[in-house]
Amino acid sequence: MDLKDLYRDVIVDHNKNPRNFGRLEPADLHADGHNPLCGDQLSVTVNMTGDRIADIRFDGSGCAISVASASLMTEAVRGKTLTEFAALHARVHELLTQHDSSIDPASLGKLGALSGVREFPARVKCASLCWHTLQAALQHETNAISTE
Ligand code: ZN
């Protein structure tokens, strides 16, 4: 099995069986995200311990890429501090948007499965929607529109 097959399997698996799907009630923070190009709608709820993401859930409906990306993100960011989140977000954003990125997808673990998205510019917003939505929640904003 080559890397492309492996990455496709990760996306299919996380779309079919999204991890951390649902809502935290009560939640310290929440935001709703919308990608008007594709119609993806996601909500993220977060509970914090100090500046650390203690728990996170997402729900909503969207295409396979948007759901798989959100599922992968929730696994990747749980337990991270706000600073660690910002660093990871920056690396994922570069991976998704820059063809000449020097980031090795394998260095991002399962998140590397999203690296194929940059070949399909229309899908980048699908993959980045959850990250924009979580960032909005962490900044105490309640609405996010995927703009890049
Ligand atoms: Zn989409």
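## The overall picture

Of the 148 residues in this protein chain, 47% count as buried. Keep in mind that what you're looking at is a predicted model. The chain's C-alpha atoms fit in a box of roughly 40 × 30 × 25 Å along the principal axes. As for surface, the chain exposes about 7300 Å², and carbon and sulfur atoms supply 51% of that area.

What is the chain built from? Its secondary structure comes to four helices and four strands. Follow the sequence from start to end and you'll meet them in the pattern α-β-β-β-α-α-α-β. The radius of gyration is 14 Å, close to the 15 Å that the globule rule gives for 148 residues, so the chain is as compact as a globular protein of that length. Now look at contacts between residues at least 6 apart in sequence: 55% of these join residues at least 24 apart.

## Helix H1 and its two sides

Let's start with H1, which runs over residues 3–16. This helix has 14 residues and reaches 20 Å from its first C-alpha to its last, close to the 20 Å expected at 1.5 Å a residue.

Which residues of H1 are buried? They include Tyr7, Val10, Ile11 and His14. Looking down the axis of H1, you'd see the buried residues fall within an arc of 95 degrees, so they line one face of the helix. On the other side of H1, Arg8 and Lys16 are exposed. And what covers the buried residues? Part of the answer is helix H2, residues 64–77.

## Ala68, a contact point in H2

Ala68 is a handy place to see H1 and H2 come together. This residue sits in helix H2, and Ala68 is buried, with a relative accessible area of 0%. Leaving aside residues up to four places away in sequence, Ala68 touches Ile11, His14 and Asn15. Two of those names should ring a bell: Ile11 and His14 are among the buried residues of H1.

Try finding Asp13 too. Ala68 and Asp13 are 55 residues apart in sequence, yet their C-alpha atoms are 7.8 Å apart in space.

## The zinc site

Next up is the zinc ion. Which residues hold on to it? The ion is coordinated by Cys38, Cys63 and Cys126 through their SG atoms, and by Asp40, which is listed twice through OD, at 2.2 to 2.6 Å. Along the sequence, these donor residues are spaced C-x1-D-x22-C-x62-C. The pair Asp40 and Cys126 links distant parts of the chain: Asp40 is in strand S2 (residues 40–49), Cys126 is in helix H4 (residues 121–138), and they are 86 residues apart. Are these two buried or exposed? Both Asp40 and Cys126 are buried.

## More from helix H4

Helix H4 has other residues to explore. Thr133 is in this helix and, at 0% relative accessibility, counts as buried. Not counting residues up to four places away in sequence, Thr133 touches Ala31, Asp32, Gly33, Leu42, Val44 and Ala144.

His132 lies in H4 as well, and His132 is also buried, with a relative accessible area of 12%. If you compare His132 with Arg57, 75 residues apart along the chain, their C-alpha atoms turn out to be separated by 15 Å.

## Unusual spots in the loops

Most residues other than glycine have a negative phi, and most peptide bonds are trans. With that in mind, a few spots here are worth a look. A cis peptide bond joins Glu25 and Pro26, with omega about 0 degrees. Pro26 belongs to the loop between H1 and strand S1 (29–35).

Asn20 is in the loop between H1 and S1 too, and its phi is near 55 degrees, a positive value in a residue other than glycine. His140, in the loop between H4 and strand S4 (143–145), also has a positive phi, near 60 degrees. Which of these is buried and which is exposed? Asn20 is buried, with a relative accessible area of 17%, whereas His140 counts as exposed at 66%.

Conventions
Residues numbered from 1 in each chain as written. Predicted model: local features only at pLDDT ≥ 70, side-chain atom pairs only at ≥ 80, totals over all residues. Heavy atoms only, no water. Helix = DSSP H or I, 4+ residues; strand = E, 2+ residues; numbered from the N terminus. Expected span 1.5 Å × (residues − 1). Buried < 20%, exposed > 50% of the residue type's maximum accessible area, 1.4 Å probe, protein only. Arc of directions from axis to C-beta. Contact = heavy atoms within 4.5 Å. Rg over C-alpha atoms; globule rule 2.2 N^0.38 Å. Areas by Shrake-Rupley, 256 points an atom, 1.4 Å probe, with all protein chains shown as cover. Donors = N, O, S within 2.8 Å, 3.2 Å for Na, K, Ca; no water.
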